[in-house]
Amino acid sequence: MNFGYNINPILSFIEAQLCEDNDENPNELIFMQDLTSVHTSKQTKKWLQERNVNVMQDWPHKGPDMNPVKNVWAEMIRRLEIHRRHTGVRNRDQLWEDILHVFHEIIDEYFGNLIRPMPRRLRTVSSKHGGWAKY
């Protein structure tokens, strides 16, 4: 698959949200991601470097899952399955449109509910020296 076709709308959305939410001090933000190959690909690294995004570099390889995006994917899959029951999928372009549709249906409050507890979760993981913690 073409990397740009799949990831650019998502990265553009993230970029817009980051700029909107932190206009005054964008350099204070630290982008967190796990170390899966898609996140450490040349394309992803290049995109982050071109935009001077601060990336957490010392993320543990087998540390606790602190990535709220996995919750977003699960919610999108749930909504996509419901949506597809009504519309069906005719082709790849329709599937992509449906994915964008369900993503834009998710309200900002959902994202806030995932992000708000992160400081507490980070403190818990830090107190366990990067080990697993029950949230």
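**Figure 1. Overall view of the chain.** Of the 135 residues of the chain, 24% count as buried. The model shown here and in the views that follow is predicted. The chain holds six helices and zero strands, and from the N terminus on its elements run α-α-α-α-α-α. Among the contacts in the chain with a separation of 6 or more, 65% come from residues 24 or more positions apart. A search of the whole structure gives four salt bridges; salt bridges in helix α2 and helix α3 are shown in later views.

**Figure 2. Packing of helix α3 against helix α4.** Helix α3 covers residues 69-87 and helix α4 covers residues 92-105. The two helices pack at an angle of about 120°, and their axes lie 9 Å apart. This angle makes α3 oblique to α4, since it falls neither in the range from 65 to 115 degrees, which counts as roughly perpendicular, nor over 145, which counts as roughly antiparallel. The crossing in which α3 passes α4 is right-handed.

**Figure 3. Residues in the contact of α3 with α4.** From α3, the residues that take part are V72, M76, R79, L80, H83, R84 and T87. On the side of α4 they meet L95, D98, I99, H101, V102, F103 and E105. Sorted by class, the contact has seven nonpolar, three polar and four charged residues. R79 of α3 and E105 of α4, both part of this contact, belong also to a network of salt bridges.

**Figure 4. Salt bridges of E75 in helix α3.** E75 forms a salt bridge with R78, with the closest N and O atoms 2.7 Å apart. A salt bridge also joins E75 to R79, and here the closest N and O atoms are 2.7 Å apart. E75 and R78 are three residues apart in helix α3, about one turn of the helix. E75 and R79, both in helix α3 as well, are four residues apart, about one turn of the helix. What is the relative accessibility of E75? The value for E75 is 13%, so E75 counts as buried, the cut-off being under 20%. Its partner R78 counts as partly exposed at 42% relative accessibility. R79 is partly exposed too, with a relative accessible area of 21%.

**Figure 5. Network of salt bridges that includes E105.** Which residues are linked in a network of salt bridges? The members are E75, R78, R79 and E105. E105 is one of the α4 residues in the contact with α3, whereas E75 and R78 both lie in helix α3. R79 also lies in helix α3 and is listed in the contact with α4.

**Figure 6. Salt bridge of K46 and E50 in helix α2.** The side chains of K46 and E50 meet in a salt bridge, at 3.8 Å from N to O. Both residues belong to helix α2 (residues 42-50). Because they are four residues apart in this helix, about one helical turn separates them. K46 has a relative accessible area of 51% and is therefore exposed, the cut-off being over 50%.

**Figure 7. T40 in the loop before helix α2.** T40 is found in the loop between α1 (3-21) and α2. With 30% relative accessibility, T40 counts as partly exposed. Leaving aside residues up to four places away in sequence, T40 touches L35 and K45.

How values were computed
Residues are numbered from 1 along each chain as its sequence is written. This is a predicted model: local features need pLDDT of at least 70, side-chain atom pairs count only at pLDDT 80 or more; totals for chains, interfaces and linings use all residues. Side-chain values use heavy atoms; hydrogens and water are left out. Axes are lines fitted to C-alpha atoms, for helices over the stretch in contact, and angles run from 0 to 180 degrees between N-to-C directions. Angles under 35 degrees count as roughly parallel, over 145 as roughly antiparallel, 65 to 115 as roughly perpendicular and the rest as oblique. A crossing is left-handed if the near helix is turned anticlockwise from the far one by less than a right angle, and right-handed if clockwise. Contact means heavy atoms within 4.5 Å. Ala, Val, Leu, Ile, Met, Phe, Trp, Tyr, Cys and Pro count as nonpolar, Asp, Glu, Lys and Arg as charged, and the others, Gly among them, as polar. Buried means under 20% relative accessible area, exposed over 50%, partly exposed in between (1.4 Å probe, protein chains only).
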